Amino acid sequence: MAYQLLWADDEIELLNAHVIFLQSKGYEVTKVTNGHDAIEACRSSLFDLVLLDENMPGLTGLETLTRIKEIQPSTPVVMVTKSEEEDIMEQAIGSKIADYLIKPVNPNQILLTLKKNIHRKEIVAEKANNAYQQNFGKLSLMINDARSIEEWQEVYRKIVYWELQLESADTQMHEMLKSQKDEANNMFGRFVKKNYMNWMSSPREERPVMSNDLFREHIFPLVDNGEKVFLIIIDNFRYDQWRVLADEIGSSFAIEEGMYTSILPTATQYARNAIFAGLMPSQIKEMFPKLWVDEEEDEGKNLNEEALIETQIARYRRKDSFSYGKVLTSSAAEKYIENINNLAKNDINVLVINFIDMLSHARTESMMVRELASNEAAYRSITLSWLRHSAIKKLFEQLAESKYTVVITTDHGSIQVNNPTKVIGDKNTNTNLRYKLGKALNYSGKDVFEIKEPAKAFLPSPNLSTSYVFATGDNFFAYPNNYNYYVSYYKDTFQHGGISMEEMLVPIIKLRPKNMNK
């Protein structure tokens with residue numbers, strides 16, 4: 001079907017050559033000579049784009065523009081004008097014109113603006129499809145050749161890059177990329193199985209930076225350099241979600257982007273407590289038993305975070321002053337921001353934000369939220385919408401005017417699970433879908449990474465015979481009892497605790513306000 005254009009100009013007959021050119025390119029052009037006829041045409045027909053002369057007798061172009069936008073608010077309007085007066089252009093731009101052309105226009109200028117405003121998505125999608133196809137083999141080689149955590153981080157960055165590029169591409173490309181991502185996660189699972197226990201017994205210099213290293217490697221050096229640090233931990237925050245937020249908040253900051261590796265289990269009780277304590281879970285339990293809560297206990301698992309930060313600062317014999325805060329709601333964030341000036345005296349301010357983790361749980365439990373975040377792209381979109389419309393955007397705006405070095409990170413990410421794998425355990429086995437710990441666990445060995453000696457992985461052992469198993473790829477654990485209901489309820493939900501690039505390769509971003517040195 002041909003694209004429909006409306007061209008309003010009191011000298012339209014002098015533009016017949018341009019109209020014939022557009023018709024030769026497959027466009028259908030409706031011609032009118034004044035604003036009233038343009039408005040009537042928009043009432044009776046839907047147009048893909050309107051070319052509107054700014055200086056017509058009767059209704060002006062700006063007046064006509066306002067009326068057209070009331071009738072067809074999403075139709076792009078291109079203003080054509082002889083005048084380059086600043087106030088006229090400001091009014092037109094303020095009225096949300098899509099583009100403007102200065103008379104005399106030539107056919108190629110018109111064609112360019114049509115491509116920009118009508119065909120942009122399909123042109124971008126086509127170029128993204130072609131570029132991905134050309135890079136498909138290169139990405140496959142990267143996946144097959146990855147042998148270090150740094151190489152796996154680069155693989156994950158590339159996959160996220162193409163996910164974002166192909167959001168508007170066709171289904172076939174999405175399926176190709178999803179297949180590559182599944183392959184990468186399966187091979188990443190093998191990489192972790194092969195190396196994780198060696199990491200646990202290696203000195204820091206011979207293993208990746210992990211959860212318990214975060215303060216020592218990334219926070220304390222900034223303070224030692226004389227910088228005041230604002231550490232924002234967004235629970236359950238993935239690298240792809242950071243990439244969609246980066247454009248929203250990054251313009252006011254100089255950005256230093258990196259990743260570190262979450263410990264197992266990739267769950268708040270373990271990974272975030274390890275961040276704040278600077279210790280592995282079994283070390284926390286041994287050294288600070290009152291600050292550790294076992295899986296089977298009903299008490300909240302992350303209620304002692306402030307105390308754990310205090311123990312880490314004391315253990316390194318540091319004198320850093322710090323604050324700790326946590327926000328669950330927008331109103332709580334508003335109150336936090338109101339008091340932010342009182343935090344300026346601290347060397348380190350820590351803020352935990354729980355929205356994305358709450359979104360992940362709500363998506364599992366609510367059919368409405370599941371529909372809103374039906375896939376990875378929608379999940380990212382909701383994350384971006386949250387930032388734009390919550391008090392957190394205001395927080396970043398204030399931090400951009402401050403002298404803080406802002407560090408954004410997380411304890412772990414999450415993965416959309418699709419494949420159930422059966423597990424059998426006793427009544428004390430934990431309920432997490434991506435990892436299990438308990439006695440005499442029965443499971444399929446090919447789908448899991450098993451740790452039969454938790455002490456060697458610095459994991460607590462409630463019983464002498466406790467073992468841990470972790471799901472890999474997009475698998476999730478399901479019990480044989482009521483199996484079909486359990487599988488249908490949890491399939492396609494976002495879960496964490498196991499082994500995947502999304503869960504383990506998590507962002508750590510350093511933002512320095514661009515005005516810091518002014």
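Let's start with a small open sheet: its 3 strands come in the order β13-β16-β15, and the pairing is antiparallel (two strands pair if DSSP finds at least two bridges between them). β13 (435–439) and β15 (448–451) stand at the edges with a single partner strand each, so one side of each has no neighbour in the sheet. From one strand to the next, the twist averages 20°.

Before going on, a word on what we are looking at: this is a predicted model, where local features need pLDDT of at least 70 and side-chain atom pairs count only at pLDDT 80 or more, while totals for chains, interfaces and linings use all residues. Residues are numbered from 1 along each chain as its sequence is written, and side-chain values use heavy atoms, with hydrogens and water left out. The element names come from DSSP runs, numbered from the N terminus: helices are H or I with at least four residues, strands are E with at least two.

Back to that sheet. β15 pairs with strand β16 (residues 466–471) in the antiparallel sense, over 4 bridges, and I451 stands opposite Y468 in β16. In the loop between β15 and β16 you will find F458. F458 is not a glycine, yet it has a positive phi of about 60°.

Now to another open sheet, this one with 6 strands in the order β7-β19-β10-β6-β9-β8 and mixed pairing. Which strands stand at the edges? They are β7 (253–261) and β8 (322–327); each has a single partner strand, so each has one side without a neighbour in the sheet. The twist here averages 15° from one strand to the next. β7 and strand β19 (residues 505–513) pair in the antiparallel sense over 9 bridges, with K510 in β19 as the bridge partner of E256.

If you follow the chain to the loop between β7 and α11 (268–277), you meet P265. The peptide bond from L264 to P265 is cis, with omega near -10°. There is also a cis peptide bond from K103 to P104, with omega near 0°, and P104 lies in the loop between β5 (99–102) and α5 (107–117).

Next, a helix on the sheet. α14 lies across β6 (228–234), β8 and β9 (348–353), and runs at about 155° to β8. For angles like this one, axes are lines fitted to C-alpha atoms, for helices over the stretch in contact, and the angles run from 0 to 180 degrees between N-to-C directions.

α14 (residues 330–338) also has a helix partner, α18 (residues 391–400): their axes come within 8 Å and cross at roughly 20°. The two are therefore roughly parallel to each other (angles under 35 degrees count as roughly parallel). On the α14 side, S330, A333, E334 and I337 meet A391, I392, K394, L395 and Q398 in α18, where contact means heavy atoms within 4.5 Å.

Our second helix pair is α10 (residues 239–249) with α17 (residues 376–389), packed at an angle of about 35° with axes 9 Å apart. Among the contact residues are V244 and L245 of α10, and Y379 and L384 of α17.

Finally, let's go to the start of the chain. Strand β1 (residues 3–8) and strand β2 (residues 27–32) run parallel, joined by 6 bridges. L6 stands opposite T30 in β2. Thanks for listening!

Notes
Parallel < 35°, antiparallel > 145°, perpendicular 65-115°, else oblique.
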